[in-house]
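Trainee: Could you take me through one part of this model up close? I'd like to start from a single strand and see how the rest hangs together around that strand.

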Amino acid sequence: PRVKYVEANGREYLVEADTGISAMEAAVKNGVPGIDGDCGGAAACATCHVYVDPDWIGKTGPAAEGLEKSMLEFAEDVNENSRLACQITLSDTLDGLVLKLPEKQH
Ligand code: FES
């Protein structure tokens, strides 16, 4: 699936990702800046905070109760479209997904 990452300054990165990897892994693999993924995808660092485009939040779903939501408390400027990118698994139903990057990771 294709994923578009949009930096806070409007710069866009279009990535062709493998099915089954996370939106964090796809960003790191393709050199998209602004997603660190320090914990390797374990929902334990909150350096992969992204805002799901409002048109897509219905498909990705909101942040999961429990681990993901509690980790997001460590991220800055969280809103109702905030997710941990490592917790979004890419699939064909998410082809065209748009993720906005925060100004900075915490
Ligand atoms: Fe650490 Fe997502 S990579 S929380």
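Mentor: Y5 has Y13 as its bridge partner in β2. This is a predicted model, so keep that in mind throughout. One residue further along, V6 is bridged to E12, again in β2. Both pairs belong to a longer run: β1, residues 2-6, and β2, residues 12-16, are joined by 5 bridges in the antiparallel sense. The hairpin that these two strands make has 5 residues between them, and within the hairpin G10 takes a positive phi near 95°.

Now go back to Y5 and look across to the other neighbour. There the bridge partner is L99, in β5. This time the strands run parallel, with 4 bridges joining β1 to β5. As background, strands of a sheet pair through backbone hydrogen bonds, either parallel or antiparallel. Here β1 has one of each: β2 is its antiparallel partner, and β5 its parallel one.

Next, the side chains of β1. V3 and Y5 point to one face and are buried, whereas R2, K4 and V6 point to the other face and are not. So, within this one strand, the side chains alternate between a buried face and one that isn't.

Zoom out to the whole sheet. It is open, has 5 strands in the order β2-β1-β5-β3-β4, and its pairing is mixed. β2 and β4 (82-84) are the edge strands; each has a single partner strand, so one side of each has no neighbour in the sheet. From one strand to the next the twist averages 35°.

How does that order sit with the chain? From the N terminus on, the elements run β-β-α-β-α-α-β-β, which comes to 3 helices and 5 strands. The radius of gyration is 12 Å, close to the 13 Å that the globule rule gives for 106 residues, so the protein is as compact as a globular protein of that length. Along the principal axes, the C-alpha atoms fill a box of roughly 30 × 25 × 25 Å. Contacts between residues 24 or more positions apart make up 65% of those with a separation of 6 or more.

Back to V3, on the buried face of β1. The largest nonpolar core has 27 residues, and V3 is among those touching the most other members, together with A23, A27, I35, V50, A85 and L99. You've met L99 already, as the bridge partner of Y5 in β5. β1, α1, β3 and β5 (97-100) each supply at least two residues of this core, with the largest share, 4 residues, coming from α1. Across the protein as a whole, 35% of the 106 residues count as buried.

For a view from the helix, try A26, which lies in α1 (residues 23-29). A26 is buried, since 24 other C-beta atoms lie within 10 Å. Setting aside residues up to four places away in sequence, A26 touches V3, V15, A17, I21 and L90. The pair A26 and V3 is 23 residues apart in sequence, with the C-alpha atoms 8.5 Å apart in space.

I35 is another of the well-connected core residues. Leaving aside neighbours within four places in sequence, I35 is in contact with M24, A27, V28, C48, V50, A85 and L101. Three of those names, A27, V50 and A85, stand beside I35 in the list of residues that touch the most other core members.

Finally, two backbone oddities to check on your screen. A43 has a phi near 55°, a positive value in a residue other than glycine, and A46 has a positive phi of about 60° although it isn't a glycine either. Both are in the loop between α1 and β3: A43 is placed there, and so is A46. Are they buried or exposed? A43 is buried, because 20 other C-beta atoms lie within 10 Å, which meets the cut-off of 20 or more. A46 counts as buried too, with 23 C-beta neighbours inside 10 Å.

As for confidence, the average pLDDT is 97, and 100% of the residues score at least 70. For the complex, the predictor gives an ipTM of 0.99 and a pTM of 0.96.

Key. Residues are numbered from 1 along each chain as its sequence is written. This is a predicted model: local features need pLDDT of at least 70, side-chain atom pairs count only at pLDDT 80 or more; totals for chains, interfaces and linings use all residues. The radius of gyration is taken over C-alpha atoms; the globule rule is 2.2 Å times the number of residues to the power 0.38. A residue is buried if 20 or more other C-beta atoms lie within 10 Å of its own, exposed if 12 or fewer, and partly exposed in between; C-beta atoms are placed from the backbone. Two residues are in contact if their C-beta atoms, placed from the backbone, lie within 7 Å. A nonpolar core is a set of buried Ala, Val, Leu, Ile, Met, Phe, Trp, Tyr and Cys residues joined through C-beta atoms within 7 Å. Two strands pair if DSSP finds at least two bridges between them. pLDDT is the predictor's confidence in each residue, from 0 to 100. Axes are lines fitted to C-alpha atoms, for helices over the stretch in contact, and angles run from 0 to 180 degrees between N-to-C directions.
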